[in-house]
Amino acid sequence: MKTVYSPDHAAHAGHWEVARGAMVPCFEKPIRAEYVRARVEEVGLGEIVLPKVWSMETARKVHDPAYLAFLGKAWDMWAAEGNHTSALPMTWPVRGLRNDVPPECIEGLLGFYSMDAGASITAGTWKAVKASMDCALTAAEIVAGGARAAFALCRPPGHHSGPAFMGGYCFINNASVAAQWFRDQGAARVAILDVDYHHGNGTQDIFYERGDVFVANIHGDPKTEYPYFLGHADETGRGAGEGCNVNYPLPFGTAWDTWSLALDAACDRAEAFGAEVIVVSLGVDTFERDPISAFKLKTADYPKMGARIAKLGKPTLFVFEGGYAVDEIGVNAVGVLTGFEGR
Ligand SMILES: NCCCCCC(=O)NO
Ligand SMILES: [Zn+2]
């Protein structure tokens, strides 16, 4: 299987994030992608290629163009005010506040276009974000070109970013852009399987009223886990999208025996939907030693995850999302891919 990787990811290196009331070093850091790339090379998964440079045309079909334009200029606006550290939002338009965008105030725009303080912007963030999206589209093109599967080694991740907001380390929803690209190439029905520990609220939001893209999430129960405000089992889609969204919220401590039942159910639903191509939001923060998560999957479980997805027998694009147990991130993420290949 080919991997699409860009060294430009390293341009995005946030300094701090807020966790349990303290400023802590960012968990989503460049070394994550390097460890995964090293493991791809170590197992001989396949060729590692650079992404092509894509326009924003497809991204503008799943994201608000004004939001994307903001992402491209946010750092310059922040720096123009003499700021040197990461740009972080501090005020959000919650209930009772107005919802019109503050045109030229970077502090207001940061809050307007974010769901949390978990997406810090630095001088190189846009370069990395664009490259990450380019990796997803390039890998999608490899699949569309006849490959059974391809791996988009995306960093930063994307599944929390919605139509017009960033958050949870995410800026552009890479998996959603790829799914839209497959639709634009003529795939009538696309399924997105999000196996990251956290609910992909952005992906759900983007396709919630659409009947052409099925979205399944297996994740920490939002009653007690980030993102808290989406990801319940009663969220099944709306209008044309009714029945095209399914959530499997699971409790702290969930291990493979329970988690795999949700995967079976999600795969069955994707099959029943008639998906012609599968996009997997591949986060491995389901791992038992992940520092910010609370499931109990073991390294030996990840090849089983890949093997189950392979049973769908559909062209499959793997898009890298979360995972913060850096020492095992490579063996776990690539384990899904070698398991998919039946190695
Ligand atoms: N700072 C709050 C937790 C962000 C979750 C990031 C992630 O892994 N999402 O999949
Ligand atoms: Zn996650």
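Colleague: Which residue of strand 3 stands opposite Val 18?

Modeller: This is a predicted model, with local features needing pLDDT of at least 70 and side-chain atom pairs pLDDT 80 or more, while totals for chains, interfaces and linings use all residues. Residues are numbered from 1 along each chain as its sequence is written, chains are lettered from A and ligands numbered from 1 in the order written, and side-chain values use heavy atoms, leaving out hydrogens and water. Strand 2 (residues 16-19) and strand 3 (residues 22-25) run antiparallel, joined by 4 bridges (pairing takes at least two DSSP bridges; strands are E runs of at least two residues and helices H or I runs of at least four, numbered from the N terminus). Opposite Val 18 stands Met 23.

Colleague: And which residue takes a positive phi in that hairpin?

Modeller: The hairpin has 2 residues between its strands. The one with a positive phi, near 50 degrees, is Arg 20.

Colleague: How many residues apart are Asp 196 and Asp 285?

Modeller: Both are protein donors of the zinc ion (ligand 2), as is His 198, at 1.9 to 2.1 Å (donors are N, O and S atoms within 2.8 Å of the metal, or 3.2 Å for Na, K and Ca; water is not among the atoms, so sites may look incomplete). Asp 196 lies in the loop between strand 6 and helix 7, and Asp 285 in the loop between strand 9 and helix 9. Their separation is 89 residues.

Colleague: Are those two aspartates buried or exposed?

Modeller: Buried means under 20% relative accessible area, exposed over 50%, and partly exposed in between (1.4 Å probe, protein chains only). Asp 196 and Asp 285 are both buried.
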